[in-house]
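Here are some exercises to work through with the model open beside you. Try each task before you read its solution.

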Amino acid sequence: MEAWLIHQWQRNSPWQILLRPVSWLYRFLTAIRRVAFRIGLLKSHSAGVPVIIVGNVTVGGSGKTPLVLALAEALTMRGMHCGIVTRGYQRGAAASTANVTHVLPENAQSPLAGDEATLLARRSGVPVYAGARRADTARTLLRNHPEVDVIIGDDGLQHYALRRDIEICVVDGARGLGNGELLPAGPLREPAARLNTVSAVVFNGKGGHATRNIAAIPTFEMTLANEFFINLKTDQCIDARTALAAFRGNRLHALAGTGHPQRFFAHLSGLGFAPVVTQPFPDHHSYRETDMPGPDADIILMTEKDAVKCGSFADERMWFMRIDAILPTELVDFVVNKLEHRKPANVTRSEAS
C-alpha cells in the first residue's frame, strides 16, 4: 500500500484532488505548530553542543541514513567527536514510554532499537542513541559520552523540540517532491517552501528538476557507490563485479522493506543483476522466516537495513548489499564552516545535562 501511494503521489489524480481540503487542514496545523515553537509556546531545548539535523520533507526513503553515516565519518576525519541520535522506530509497549532511550551498539540486537538505529550503530563507530524524544536522547548521549562535541540527528527535520544549528534536507533526485501536495493528497510532510529555510539541500542523485523550489539555498549532490555484497550466514564479502560473475546462472530474488524499494531494484538492474524477481515490503518491515522466498530462489538479495532483521534465520542464499554515500568535499567544508561560525549555545553543557 505504501509503495503504491508513493507512486501515485508522483502525479495528480481525481481522488487526490478530493483529498486537498484535508491537505489544507494539515498545512494549517503544521504552520501553527511551527509558530508555537518560534514564539515559545512549545519549548525547544539546546543540547549544549552543535546539532546537525539530516531529514526530508517527503514521506518515504530519500537517502538520509547513508548521508548520516558518510557525514559522521567525514567529520570524524576532521577531528570531531560525533554522536548520533535517532527515533529508532521502537515498537511494543516500551515505545509508548516518552523518555525511553536505547543505547547502541550495546543492545543493537534489541527489537526496540529498530533497523536504522542498528545499522547506524554497526557502521558508524560512534555513539548511537535511539529514543522517542530526541532532546532527551541527546542529553542522555552527552551525559554518557562527554567527549562528543557534535550531534547528528538521523531524521527529525519536523521535530523542533531539539534545537538545531544546521538543517540538511535530503531530496530523492528521481522522485523530487512528487506532485507538490501535502499529506494525504501528496508526499509532503511540510510545504515545498520549507526548503528555503534549511541550511542546505542534498540531492540523492540527479535532482535539477526540483531546484525550482529553492531560492538561494546551497545545494549539493551525493551519489551511492562502493557496492559490496555480504553473505548473512558466512560474512563472506565480495565486490559487485565478483558477485555478478558468482551469481550468474542462479535464480535471483530481491526483496526490500525501505521507503523506496524500487530504487534498490533499479540499482541492482543497473549493476547487471537481471532478471531478478522483486518483492517489495513496507518500510521498516519486521521480517520473519516465512517472508523469505522458497527453494525456487538460489540467491536472495536485500538491502543492509533489511539484513539487520534477518540474521536470526539467515541461510547461505542471503546476501545484502552494502553501499556508501559519496559526499562532495564542498558539502563537508560547508558543514565544518557552519559549525566553526555557529552562535554560542543558549545553555552550557552542564545545564543541558
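Helices (H or I, at least four residues) and strands (E, at least two) are DSSP runs, numbered from the N terminus. The model is a predicted one, in which local features need pLDDT of at least 70 and side-chain atom pairs count only at pLDDT 80 or more, while totals for chains, interfaces and linings use all residues. Residues are numbered from 1 along each chain as its sequence is written, and side-chain values use heavy atoms, with hydrogens and water left out.

**Exercise 1. Cis peptide bonds**

Find where Pro275 and Pro184 sit, and describe the peptide bond that leads into each.

Solution. Start with Pro275, which is placed in the loop between helix H8 (261–271) and E11. The bond from Ala274 to Pro275 is cis, with omega near 0 degrees. Next, go to Pro184, in the loop between strand E6 (166–172) and strand E7 (200–204). The bond joining Leu183 to Pro184 is cis, with omega near 0 degrees.

**Exercise 2. Positive phi**

Look at Asn226 and Asp235: what is the phi of each, and is each exposed or partly exposed?

Solution. Asn226 belongs to strand E8, and its phi is near 60 degrees, a positive value in a residue other than glycine. Its relative accessibility of 37% makes Asn226 partly exposed (buried is under 20% relative accessible area, exposed over 50%, partly exposed in between, with a 1.4 Å probe and protein chains only). Asp235 sits in the loop between E8 and E9. Asp235 is not a glycine, yet has a positive phi of about 70 degrees. With a relative accessible area of 59%, Asp235 is exposed.

**Exercise 3. Around Gln236**

Work out the surroundings of Gln236, which residues it is in contact with, and how far it is from Glu316.

Solution. Gln236 lies in the loop between strand E8 (219–231) and strand E9 (237–239), and is partly exposed at 42% relative accessible area. Contact means heavy atoms within 4.5 Å. Setting aside neighbours within four places in sequence, the contacts of Gln236 are Phe229, Ile230, Asn231 and Trp319. Finally, Gln236 and Glu316 are 80 residues apart in sequence, and their C-alpha atoms are 9.9 Å apart in space.

**Exercise 4. Nonpolar cores**

Identify the residues with the most contacts inside the largest nonpolar core, and the helix that gives the most to this core.

Solution. A nonpolar core is a set of buried Ala, Val, Leu, Ile, Met, Phe, Trp, Tyr and Cys residues joined through side-chain atoms within 4.5 Å. The largest nonpolar core has 37 residues, and Ile52, Ile152 and Val335 have the most contacts inside it. Helix H4 (residues 64–77) gives the most to this core, with 8 residues. A second, separate core has 27 residues, including Ala135, Val148, Val171 and Ile214. Now pick out Ile52: leaving aside neighbours within four places in sequence, its contacts include Leu71, Leu75, Ile152 and Val335. As background, nonpolar side chains tend to be buried together in soluble globular proteins.

**Exercise 5. His285 and the cysteines**

Decide whether His285 is buried or exposed, and count the disulfides.

Solution. His285 is in the loop between strand E11 (276–280) and strand E12 (299–303). His285 counts as buried because its relative accessibility is 18%. Not counting residues up to four places away in sequence, His285 touches Gly257, Asp291 and Lys309. As for disulfides (pairs of cysteine sulfur atoms within 2.5 Å), the structure holds 0. Cys82 is buried at 4% relative accessible area, while Cys237 is partly exposed at 44%.
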